[in-house]
Amino acid sequence: MTVTLADVAARARVSPATVSRVLNGNYPVATSTRERVLRAVDDLDYVLNGPASSLAAATSDLIGILVNDIADPFFGIMAGAAQTEIGGPGDGSGRAGGEKLAVVCNTGGSPARELTYLTLLQRQRAAAVVLTGGAVEDPAHQAAMSAKLAKLADAGTRVVLCGRPPLPDSESVLAALAFDNRGGGRRLTEHLISLGHRRIGYAAGPLERTTTRHRLEGHRDAMRTAGLYGDAAGDGRPAHAGDEERLTVHGSYDRGSGYDATVELLRREPGITAVVAANDTVALGAAAAIRDRGLRIPEDISVAGFDDLPFSVDVVPALTTVRLPLFEAGARAGRLAMGKETPPPGGIATIPAELMVRGSTAVPRG
């Protein structure tokens, strides 16, 4: 049964004229009223115009790509690669073919904004949606995401996850391309341990993100396996479980956070000989903090990152990091969104991570 403007008005307990004003955005409406109307629109899956309502199960030429921050190369590379597959051959002919219009939606890492963009894409009958990067580990948000993606899939929208694990209890996702963040984090720390590092600090990302947890789990697995929490350095200090938290500082995925986290790590443990950063941008901040204390990299303290972003090889010394095939993953997500590629078995593919050893890590001195 087609949902009408009157149905939305009744659900929101306002007049049809008020619903129209909210949706058209051409007349001031109280914030509380506007939120009530938009909630009713969302709950009822109302399609904004009459002709479109008869096509509710059809899809448009629009594909949405959701990113946390388009200015972050991690997201920019994946989004750009996906768009190359979505936008057609780009031969300059100007002829219309099977290409789609890719729209990049910048969420700023906000769970609420992520849901809002998905709602807007649902109303536009998007042909596909690509969600990039880690997910927020909040049960309420995960439930809301599962419900929203189910609505999209029911309307014929192809849903692809790129760089994030599948949602629990969600069968609406066509494909989930998940990076091996645990394995990469473990191999990176194993490299440092093999060089002789025993006191290793970790500048982590936001606590609630899947990417943060998985990379940190890999790091801690390597540390535990080597027996490096507690009296790891052989200095006779008693072992205590608090080392895992004491040698970890959480923050954002940006340079400033890496700087502040490293200052705090050096305050907590002046004897650390290496800092592992949540990503390459955080590693830049860590390196700056180390240099500002008059210490050398890697002679005094080694630094390692994650992602192998384009600048990693050009910093001095070049950054040891974990390479994620961001362009390849984004391009594959774009092909899946376009229906050009068969989804992986079971809808889930783990994309391997590769250790890139460069000059920012070395055998500790002393």
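Me: First a ground rule: Ala, Val, Leu, Ile, Met, Phe, Trp, Tyr, Cys and Pro count as nonpolar, Asp, Glu, Lys and Arg as charged, and the others, Gly among them, as polar. With that, how does the lining of the largest cavity divide by class?
Reply: This is a predicted model, with local features needing pLDDT of at least 70 and side-chain atom pairs pLDDT 80 or more, while totals for chains, interfaces and linings use all residues. Numbering starts from 1 along each chain, and side-chain values use heavy atoms, without hydrogens or water. The cavity (on a 1 Å grid over protein atoms alone, points where a 1.4 Å probe fits but cannot get out; lining means an atom within 4 Å of a point) has among its lining residues Asn 68, Pro 111, Arg 164 and Arg 209. By class, the lining is three nonpolar, five polar and three charged residues.

Me: How much space lies in the largest cavity?
Reply: The count comes to two cavities of 30 Å³ or more. With volume taken as the space filled by probe spheres set on the grid points, the largest cavity holds about 50 Å³.

Me: Which helix gives the most to the lining of the second largest cavity?
Reply: That cavity has about 40 Å³ of space, and its lining includes Glu 114, His 141, Gln 142, Met 145 and Leu 167. By class, its lining has four nonpolar, two polar and two charged residues. The most, three residues, comes from a helix (a DSSP run of H or I, at least four residues; strands are E, at least two), namely α7.

Me: Which strands are among the elements that cover the buried residues of α7?
Reply: Buried is under 20% relative accessible area with a 1.4 Å probe on protein chains only, and in α7 (residues 139-154) that picks out His 141, Met 145, Ser 146, Lys 148, Leu 149 and Leu 152. Their cover includes the helices α3 (31-44) and α6 (111-123). On the strand side, the cover includes β3 (128-132) and β4 (158-162).

Me: How many charged residues are in the lining of the largest pocket?
Reply: The pocket (an open set with protein on both sides within 12 Å along at least five of seven lines) has about 580 Å³ of space. Leu 38, Asp 42, Thr 116, Thr 119 and Arg 123 are the closest to its centre of the 20 lining residues, and α2 (16-24), α3, α6 and α7 each supply at least two. The lining has nine nonpolar and three polar residues, and the number of charged ones is eight.

Me: Is Asp 307 buried or exposed?
Reply: Asp 307 sits in the loop between β9 and β10. Its phi is positive, about 115°, although it is not a glycine. Phe 74 is in contact (heavy atoms within 4.5 Å) with Asp 307, and also with Phe 179 and Arg 215, among others. Because its relative accessibility is 2%, Asp 307 counts as buried.

Me: Which loop holds the proline of the cis bond from Val 316?
Reply: That cis peptide bond runs from Val 316 to Pro 317, with omega near -10°. Another cis bond joins Ile 297 and Pro 298, with omega about 5°, and Pro 298 is in the loop between α12 (280-292) and β9 (302-304). Pro 317, for its part, is in the loop between β9 and β10 (321-323).

Me: Which residue with a positive phi follows α13?
Reply: α13 has buried residues including Leu 326, Ala 333 and Met 338. They pack against β1 (62-67), α5 (73-86) and β11 (348-351), among others. After the helix, phi is positive, near 75°, at Gly 339.

Methods
The expected span of a helix is 1.5 Å times one less than its number of residues. Buried means under 20% relative accessible area, exposed over 50%, partly exposed in between (1.4 Å probe, protein chains only). Lists of a residue's contacts leave out its neighbours within four places in sequence.
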